[in-house]
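Welcome, and thanks for taking a look at this model with us. Please keep the viewer open as you read.

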Amino acid sequence: MKKKILSTILASILALGAFGLTGCGSNGDEKTAEKAEEKKTITIGASATPHAEILEKVKPILEEKGYKLDIQVFNDYVIPNTSVEQGELDANFFQHIPYMENFNKEHGTHLAYVAKVHIEPMGIYSEKIKDLKELKDGATIAVPNDPTNEARALKLLEKKGIAKFKDGDLVTKLDITDNPKNIKIEELEAAQLPRVLKDVDAAVINTNYALSANLNPTQDALAIEDKDSPYANIIAVKEENKGKEYVKDLVEAINSPEIKKFIEENYKGAIVPAF
């Protein structure tokens, strides 16, 4: 009987010991798994100019931190956001805060910005006139068709005395209150605007697309936004990822003195650092 009790106690001790070893092994495996899952490649979507150009300069800074930066270039304003929401991209760099907030509202996405990088002053361009005073009665002006950039373009037209619009953050061509020259507003996808310059009297173009079409905002634009424009271009991520280490490292790299110097020296005022 004593032997049976002793055997039972011994078996229990061995079982507890095995459990303890298993438990320790499990914790060790979890730590190893966590270590293995540390992000070493950051995949970011960006417009070609100037966003991808700036990110190329960020690459070596992140390499020193142990990361590879995978830059994927897009030519539209929708896929980079849906791809971040779906986890196909870790971040994107192409938009300003009002556009992101409106996109979240319209699409039910959960994007958040983690860094302001630069301001791209929007400009009015033309191949038919050299001065806005030359705009004829009934002239056609093309503007971006997404809500925030259209409103931004119309406010620039208003500031230059071309037409007046109702008060509001997201005005459209339907909100014209005064149009002395009977200007026709044509709403088009932002990326198409440089290509239609020959077909319209003028177009209000985002700087990234102007630069891609070899238009220099400080030299070729008939009018341009003030340098204090609130539309800073940002790094956006999915809200739940804001506090992750790789996001913090990305922000530190893109808001570094090296990148500020690159923007100032390379774009010579066409693009202004926002940090």
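The report below moves from the whole chain to its sheets, helices and one chosen residue.

## Ground rules

This is a predicted model, in which local features need pLDDT of at least 70, side-chain atom pairs count only at pLDDT 80 or more, and totals for chains, interfaces and linings use all residues. Residues are numbered from 1 along each chain as its sequence is written, and side-chain values use heavy atoms, with hydrogens and water left out.

## The chain as a whole

The protein chain has nine helices and 13 strands. Both are DSSP runs numbered from the N terminus: helices are H or I with at least four residues, and strands are E with at least two. Of the 275 residues, 47% count as buried. Here buried means under 20% relative accessible area, exposed means over 50%, and partly exposed lies in between, with a 1.4 Å probe and protein chains only.

Contacts, meaning heavy atoms within 4.5 Å, often link distant parts of the sequence. Among those between residues at least 6 apart in sequence, 74% join residues at least 24 apart.

## The six-stranded sheet

One open sheet has six strands in the order 2-1-3-12-4-13, with mixed pairing. Two strands pair if DSSP finds at least two bridges between them. At the edges are strand 2 (68-74) and strand 13 (272-273), each of which pairs on one side only. Helix 2 packs on this sheet, touching strand 1 (41-47), strand 2, strand 3 (91-96), strand 4 and strand 12, and its direction makes about 175° with that of strand 2. Such angles run from 0 to 180 degrees between N-to-C directions, and axes are lines fitted to C-alpha atoms, for helices over the stretch in contact.

Strand 12 (residues 232-238) runs antiparallel to strand 4 (residues 111-119), and seven bridges join the two. Tyr 113 has Ala 236 of strand 12 as its bridge partner, while Lys 116 is matched with Ile 234 of strand 12. Strand 3 is also antiparallel to strand 12, with three bridges between them; His 96 stands opposite Asn 233 of strand 12. Is strand 12 enclosed or open? Seven of its seven residues are buried, so strand 12 is largely enclosed by the rest of the structure.

## Helices 2, 8 and 9

Two packed helices are described by the angle between their axes and the distance between the axes. For helix 2 (residues 48-64) and helix 9 (residues 257-267), the axes come within 10 Å and cross at roughly 140°. The contact draws on Pro 50, Glu 53, Ile 54, Lys 57, Val 58 and Ile 61 from helix 2, and on Glu 258, Ile 259, Phe 262, Ile 263 and Tyr 267 from helix 9. By class, this contact has eight nonpolar, no polar and three charged residues. In this scheme, Ala, Val, Leu, Ile, Met, Phe, Trp, Tyr, Cys and Pro are nonpolar, Asp, Glu, Lys and Arg are charged, and the others, Gly among them, are polar.

Helix 8 (residues 245-254) has seven of its ten residues buried, so helix 8 is largely enclosed by the rest of the structure. Its buried residues are Tyr 246, Val 247, Asp 249, Leu 250, Val 251, Ala 253 and Ile 254. They pack against strand 1, helix 2, strand 3, strand 4, strand 12 and helix 9.

## The five-stranded sheet and helix 5

A second group of strands forms an open, mixed sheet of five in the order 9-6-10-5-11. Strand 9 (184-188) and strand 11 (223-224) are at the edges with a single partner strand each, so one side of each is left without a neighbour in the sheet. Strand 6 (residues 140-144) and strand 10 (residues 202-205) pair in the parallel sense over two bridges, and Ala 142 stands opposite Ala 203 of strand 10.

Helix 5 (residues 147-159) lies across strand 5 (123-125), strand 6, strand 9, strand 10 and strand 11, at about 140° to strand 6. Among the buried residues of helix 5 are Thr 148, Arg 152 and Leu 156. Just after helix 5, Gly 161 takes a positive phi of about 75°.

## A look at Tyr 209

Tyr 209 sits in helix 6 (residues 207-212) and counts as buried at 7% relative accessibility. Leaving aside residues up to four places away in sequence, Tyr 209 touches Asn 75, Asp 76, Tyr 77, Ala 190, Ala 191 and Pro 194. Ala 190 is 19 residues from Tyr 209 in sequence and 7.6 Å away in space, C-alpha to C-alpha.
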